[in-house]
Amino acid sequence: MSAVTLGLPSFPPRSPEGAGFLRGAEKFPAAAHHELANAQLRRNIGKATHTIRAKRIHVTEELPDWEELRDAGSAIKTDVMARLPELLEQFEAAVIARGGTVHWAADANEANAIVTELVKTTGSDEVIKVKSMATQEIGLNEHLETQGITAYETDLAELIVQLGHDKPSHILVPAIHRNRSEIREIFLREMPDVDPELGDNPAELAAAARKFLRHKFMTTPVAISGANFGIADTGTLTVVESEGNGRMCLTLPKTLITVMGIEKILPTYRDLEVFLQLLPRSSTGERMNPYTSMWTGVTPGDGPQEFHLVLLDNGRTAALADKIGREALNCIRCSACLNVCPVYERTGGHAYGSTYPGPIGAVLTPQLAGMHGKDDPNSTLPFASTLCGACFDACPVKIDIPSLLVELRHQKVEQSGVTAEALAMKAASYAMSSSTRWTAAQKAAGLGRIVAGKKGKISTLPPPLNGWTAARDIPAPPKQTFRSWWDSDEGRAALDQARRGAHPDSDGKAEK
Amino acid sequence: MRVALFATCIGDTMFPDAAKATALLLTRLGHDVVFPSGQTCCGQMHVNTGYQPEALPLVTNYADTFGDISIDAVVAPSGSCVGSVRHQHEIVAERYGTASLCGQVKTVKAKTYELSEFLVDVLGVTDVGAYFPHRVTYHPTCHSLRMLRVGDKPLQLLRNVRDIDLVELPEADSCCGFGGTFAIKNAETSTAMLADKIRHVADTGAEFCSAGDSSCLMHIGGGLSRLQMGTKTIHLAEILASVESRVHA
Ligand code: SF4
């Protein structure tokens, strides 16, 4: 765009490259290749997702108004996105009125710098953390580390991932790719004073983690959290969790810093009624999550005495500016779409290369961080789906993920210019837009019979089609297309016979 | 009823038996089946791969071919192509087409049906008088299931087929891994999904795996063939069109 367009607002920035975890090192097919080879990982993920899936179906079916709740959730979120700036200002004012301090971060770098500064001011070089997607997205732990501050994850699964020097692979169950004996080994290796006789049953593993964490809760003066919801009219923040570690972090330390994506707003307190039903049932298949913590500013003599809220953009206004893409911001990160996704089930979360894996990750990641050109791994994410629609059916706020993926594919193609694929697609479009040309093309397809030879099937094709024939045959094209049968004497005779009530082939089909 | 058959591009070229069966079945049921020769492809592959402007001529061609008011209904033996007509044609027309095309697309999509929908919802038939003495399992393809919501209509039809031994497919609802160009762009993941589908098909001991979409059957069939499993694939329409021959009667 030239300088003459002065005055036109530029497109809001995406998350900057190289900051945080919204871009993997490899394209999806290549990353999936490594994960697919890991049979243990596939077993672990398959088992876990099938269990949660069944539980979710059970607890959603028992609610007579589940569909209405989904509609309500979707409507509230759509309303929020339509008037986000106004709600954010209302929220900011409410937080300040209750004694909190509000910081605005345009991107991951800014958010990391703000949090680091706040921690440094407290004089502590250790922080405890409540499981949070936003801080993972911006790579906060890694940034703090470079600044000499150690962050301890207190969610059990996050702790396993952190101690394992690993990356989370699921929104809700970050260590879904690990099994018990792997976890035992990580604890033995990484936890100080752990009992060498530690067994691998869940109770023993939890006890070891509890002992390790209790000490941190009692001694660390600063906590960092994310937020599931921020209530615009009261300035209240909410975290829902299962273990109670979050509540410890939210109440024991002197200073609390919350990093919240700007899309997490709900207009009123009452809206929680909808989301506190939708979220736990969709995510863990539970009727109610065990711990729901809410806090509003600071309360003298009770809980943290200093509260900072960092409102994070990092590509969200860019997603919001996209008429279609903004639907992705309705996501409440329940992970139901991951648990039903057949692609996620096979590849696991790491293949997506982003903090947000699975179907919603494939939509949200390119929205937040962009897909710059054909070599960007993010540009392969919209294609990491068969568009089977299981995610759409599972989503508690009815995000039409398949349509969003199709839309992103369209955007990606528009950005890519002339490629071999584009030429092939154009050629196909030309051939198929007139039946005369199409009939000629069908004749050429008939040449496939030569490739197939006597066996009547094709078992090797040249690139890029060799991916198909690596594991699948293709039948030879039949001698006669449907349209030539329709125009043939044979076709006419068959239809005549059918008109008289009989089928010429009878049951002969099966014997063929 | 004057019913236009939409054979679909892949059906016309690669799997004519499904289109033949559809034509013969609807004719046997007393309908006047026509095959408008101007038809080609619904454009689904283009839209799903990100080539919406390239899909426009195909959407236009579809609307022109089937817009004929003498046609009461358009029936295709493909859940995914009907899904595309119903959910994607308008998007493409609104973005790249003229206002008149948008209107035409709306009218034509309202009379386009997938075969089992047409039989059960429009004609009100669940017993088409078919005879198929074989062990069959049914894979409800994703687009029929979730884009079109055909529900158990195909099963209602299959249950009424004489002498059929219909066996339930474990984890029937899970995708076979085809997904159009997904099977090529993400060939390994697609294959991993297919492997599970094939294992479930094998577990049923069925002679035939049936479905309402030739493309999914091509995928499943391609895997079965490579593994030389013996189980054959067959389109739902072919089972429904089979009748006991006079010789047998
Ligand atoms: S897209 Fe829907 S199902 Fe997926 S995580 Fe978000 S809210 Fe949950």
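These exercises, each with a worked solution, concern a predicted model with chains A and B.

**Exercise 1. The interface**

Task: Describe the contact between chain B and chain A by residue count, buried area and residue class.

Solution:
- Step 1. Begin with the residues in contact: 84 from chain B and 76 from chain A.
- Step 2. Take the area next. About 6700 Å² is buried between chain B and chain A, and carbon and sulfur atoms give 60% of this. B:L24, B:Y51 and B:R226 supply 10% of the area that chain B buries against chain A, more than any other three residues.
- Step 3. Turn to polar links. The interface of the two chains has 35 residue pairs in polar contact, both residues being at pLDDT 80 or more. Helix α12 of chain B (residues 187-204) gives the most to the side of chain B that touches chain A, namely nine residues.
- Step 4. Sort that side of chain B by class: 38 residues are nonpolar, 29 polar and 17 charged.

**Exercise 2. Salt bridges between the chains**

Task: State how many salt bridges cross the interface of chain B and chain A, and examine A:R346 with B:D196 and A:D393 with B:R146.

Solution:
- Step 1. Eight salt bridges are found across the interface of chain B and chain A.
- Step 2. In the salt bridge of A:R346 with B:D196, the closest N and O atoms are 2.6 Å apart.
- Step 3. For A:D393 and B:R146 the closest N and O atoms are 3.8 Å apart; the cut-off is 4 Å, so the pair qualifies as a salt bridge.
- Step 4. Locate this second pair. A:D393 is in helix α17 of chain A (residues 390-394) and B:R146 in helix α9 of chain B (residues 142-147), so two chains are joined by the pair.
- Step 5. Compare accessibility with the limits. A:D393, at 31% relative accessibility, is partly exposed, whereas B:R146, at 14%, is buried.

**Exercise 3. Helix α8 of chain B**

Task: Decide whether helix α8 of chain B is largely enclosed or open, and find where B:D121 makes a salt bridge.

Solution:
- Step 1. Helix α8 of chain B covers residues 115-122; six of its eight residues are buried, so the rest of the structure largely encloses this helix.
- Step 2. The buried residues are B:L115, B:S116, B:E117, B:F118, B:L119 and B:V120.
- Step 3. B:D121 is partly exposed, with a relative accessible area of 49%. Its side chain meets that of B:K153 in a salt bridge of 2.9 Å, N to O.
- Step 4. B:K153 belongs to helix α10 of chain B, so the pair ties together parts that are 32 residues apart in sequence. B:K153 counts as buried, at 15% relative accessibility.
- Step 5. After the helix comes B:G124, with a positive phi near 70 degrees.

**Exercise 4. A sheet and a buried pair in chain A**

Task: Give the strand order of the four-stranded open sheet of chain A, then place the salt bridge of A:E263 and A:R316.

Solution:
- Step 1. The order in chain A is β8-β5-β6-β9, with mixed pairing. The edge strands are β8 (265-266) and β9 (291-296), each pairing on one side only.
- Step 2. β6 of chain A (residues 236-241) pairs with β9 in the antiparallel sense over six bridges; A:L237 has A:W295 as its bridge partner in β9.
- Step 3. A:E263 and A:R316 form a salt bridge of 2.7 Å, N to O. A:E263 lies in the loop between β7 (255-261) and β8 of chain A, and A:R316 in helix α13 (residues 316-321), so the pair ties together parts that are 53 residues apart in sequence.
- Step 4. Both A:E263 and A:R316 are buried.

Key:
Residues are numbered from 1 along each chain as its sequence is written. Chains are lettered from A and ligands numbered from 1 in the order in which they are written. Side-chain values use heavy atoms; hydrogens and water are left out. Two strands pair if DSSP finds at least two bridges between them. Contact means heavy atoms within 4.5 Å. Buried area is the accessible area (1.4 Å probe) that two parts lose on being put together, summed over both. A polar contact is a pair of N or O atoms within 3.5 Å; within protein, one must be able to donate a hydrogen and the other to accept it, and residues adjacent in sequence count only if both atoms are side-chain atoms. Ala, Val, Leu, Ile, Met, Phe, Trp, Tyr, Cys and Pro count as nonpolar, Asp, Glu, Lys and Arg as charged, and the others, Gly among them, as polar. Buried means under 20% relative accessible area, exposed over 50%, partly exposed in between (1.4 Å probe, protein chains only).
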